[in-house]
Amino acid sequence: MSALLQDLVTAQAERTPDAQAVVARADAISYADLERCSNQLARALREHGCRRGDRVCVLASTTPLAIAAMLGVFKADAIYVPLDPTDSPDRLAAAAQACQPACLLTSGFGAMAVDELVRSGVIGRKTIVGSLERSPIAGQSFFTEFCMADVAGVSDRAVASRNRPTNPAYVVFSGPGAPRGVVTTHASLTRAIGWAISHFDVRPADRHAVMSPLARDQSVYETLAALTAGAAVLPVAMDVVAQPRRLADFIRRERLTQWGTTAETLAAMAGADLVAPGDFPALRHVIWWGGAPSALALRYWMRRVGHAQFTTLYGAPEATSTSAYYTWTPDAEPADALAPIGTACSGHEVLVLNHRLEPVETDETGDLWIRGVGVSPGYWGDTHATAEVFHQARSGVRSDRMCRTGDRGLRSRDGQILRLVPRDGAEWPVAGASQDSGAALESSAGA
């Protein structure tokens, strides 16, 4: 498997050029179209001065063209930085200020956010703004310098890459408060994709729903895994995600086979009794990050959709999203305060350590750390935060690099690692969270 992400999708386009790659409502593009468009975008970026290692922000909802833009950024040897147009102006400004983009690509949906970035001075004259629409976009404070009609006139020949597997592929800004830009390399995500395709048996005939917004690391992971396997990616619109009944109709109508969701969504659909016995017959895998729905909700789903496999993934953006997995059985009884971490993915290890970075005793709580090949080089432009969260063992071996997830956990008497789940349902405390926040999790779990 190639260690450059764009090459994985190019290889699939050569195998199945006419197969559907991305399907979003009435809009769909084939693998050949995706390859052609991403090549053109890569050339357009270079023609407008984008150079190797430059950051390119994509401020848009998850559409076929936004996914083509992600691949185009990779092909231009630039670093992909997805931003969420619905984020607060302060968070968007902090992310843009940190990464200093050479180019920003946006859709009409993101125009108001771009206006705010330009008015605040975070995006200046040196940043090229391009439109992911057929026509230019004119905001109150900016005008796009090229649009997709212009890109359509650019050569669609493949672009020669100088990047290496160890180069950064993307930076995702995560965490509450001031966001930190987690750097992920081509090699790290390529390894993670290989594991996911093998473990979940992703096939060209699969139809994989992506519910995470474009700016979440899970979205990058799921989208590229599906495209590498030749499956169809179906981004789920936010208005559908927010309405459980519409989401149930979407799963049936689109004949989903792989569904990445959340524990909260599973609980909401169960609470509204939207799933009939034997429903969603095409569905093979239901996958979510973090904890588990209540025992009642999980039993509801497993009795009605018993033909599917239900899997919790555990990880952090600082370790390429997924470091462990737990597959639920029909007799499972999830606890309100504890969530099983499960089995570590190949090349990863989940540890429970005390403040001296020593393993805790059985049933004692400690910080959850992830060690292995997927651990990030650190935070973009923030050496202080990197030193707080990441640790390199003295051996100097790359796989000895670790990151603190910000979660608390324990190792049970039967050898399982369990994560303490905060009562408010928050699934992703910021990596490197303070000891005070860890103590609060421990207190709420033990109450």
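These exercises work through aromatic pairs, one helix and the nonpolar cores of a predicted model.

**Exercise 1. Classify the ring pair of Trp 195 and Phe 200.**

Step 1. Start with the whole structure: a search finds nine aromatic pairs.
Step 2. Take the distance. The ring centres of Trp 195 and Phe 200 are 5.8 Å apart. The cut-off for a pair is 6.5 Å.
Step 3. Take the angle. The planes of Trp 195 and Phe 200 meet at 85°, so the pair is edge-to-face. The class requires over 60 degrees.
Step 4. Check burial. Trp 195 and Phe 200 are both buried.

**Exercise 2. Describe the pair of Tyr 221 and Trp 289, and place both residues in the chain.**

Step 1. The centre-to-centre distance for Tyr 221 and Trp 289 is 5.9 Å, with 80° between the planes. This pair is edge-to-face.
Step 2. Tyr 221 belongs to helix H8, residues 217–228. Trp 289 belongs to strand E12, residues 285–289.
Step 3. The two residues lie 68 apart in the chain, so the pair links distant parts of it.
Step 4. Both Tyr 221 and Trp 289 are buried.

**Exercise 3. Find which residues ring pairs link into a cluster, and which ring lies under the charged end of Arg 180.**

Step 1. The cluster holds Trp 259, Phe 280, Trp 301 and Phe 310.
Step 2. The charged end of Arg 180 sits over the ring of Tyr 379. Its distance from the ring centre is 5.3 Å.

**Exercise 4. Test the length of H8, then decide how enclosed it is.**

Step 1. H8 has 12 residues. At 1.5 Å a residue, the expected span is 16 Å. The formula uses one less than the number of residues.
Step 2. The end C-alpha atoms of H8 are 17 Å apart, which agrees.
Step 3. Of the 12 residues, 12 are buried, so H8 is largely enclosed by the rest of the structure. Among them are Asp 217, Glu 222 and Thr 228.
Step 4. Look just past the helix. Gly 230 takes a positive phi of about 85° there.

**Exercise 5. Characterise the nonpolar cores and the surroundings of Leu 189.**

Step 1. The largest core has 64 residues. Those with the most contacts inside it include Leu 189, Leu 224 and Leu 227.
Step 2. Helix H3, residues 64–75, gives the most to this core: eight residues.
Step 3. Set aside the neighbours of Leu 189 within four places in sequence. Its contacts then include Val 220, Tyr 221 and Leu 224, as well as Leu 5 and Thr 320.
Step 4. A second, separate core has 33 residues, including Met 211, Leu 247, Leu 274 and Val 275.

How values were computed
Residues numbered from 1 in each chain as written. Predicted model: local features only at pLDDT ≥ 70, side-chain atom pairs only at ≥ 80, totals over all residues. Heavy atoms only, no water. Phe/Tyr/Trp six-rings, centres within 6.5 Å; stacked < 30°, edge-to-face > 60°. Buried < 20%, exposed > 50% of the residue type's maximum accessible area, 1.4 Å probe, protein only. Helix = DSSP H or I, 4+ residues; strand = E, 2+ residues; numbered from the N terminus. Lys NZ or Arg CZ within 6 Å of the ring centre and 35° of its normal. Core = buried A, V, L, I, M, F, W, Y, C linked by side-chain atoms within 4.5 Å. Contact = heavy atoms within 4.5 Å.
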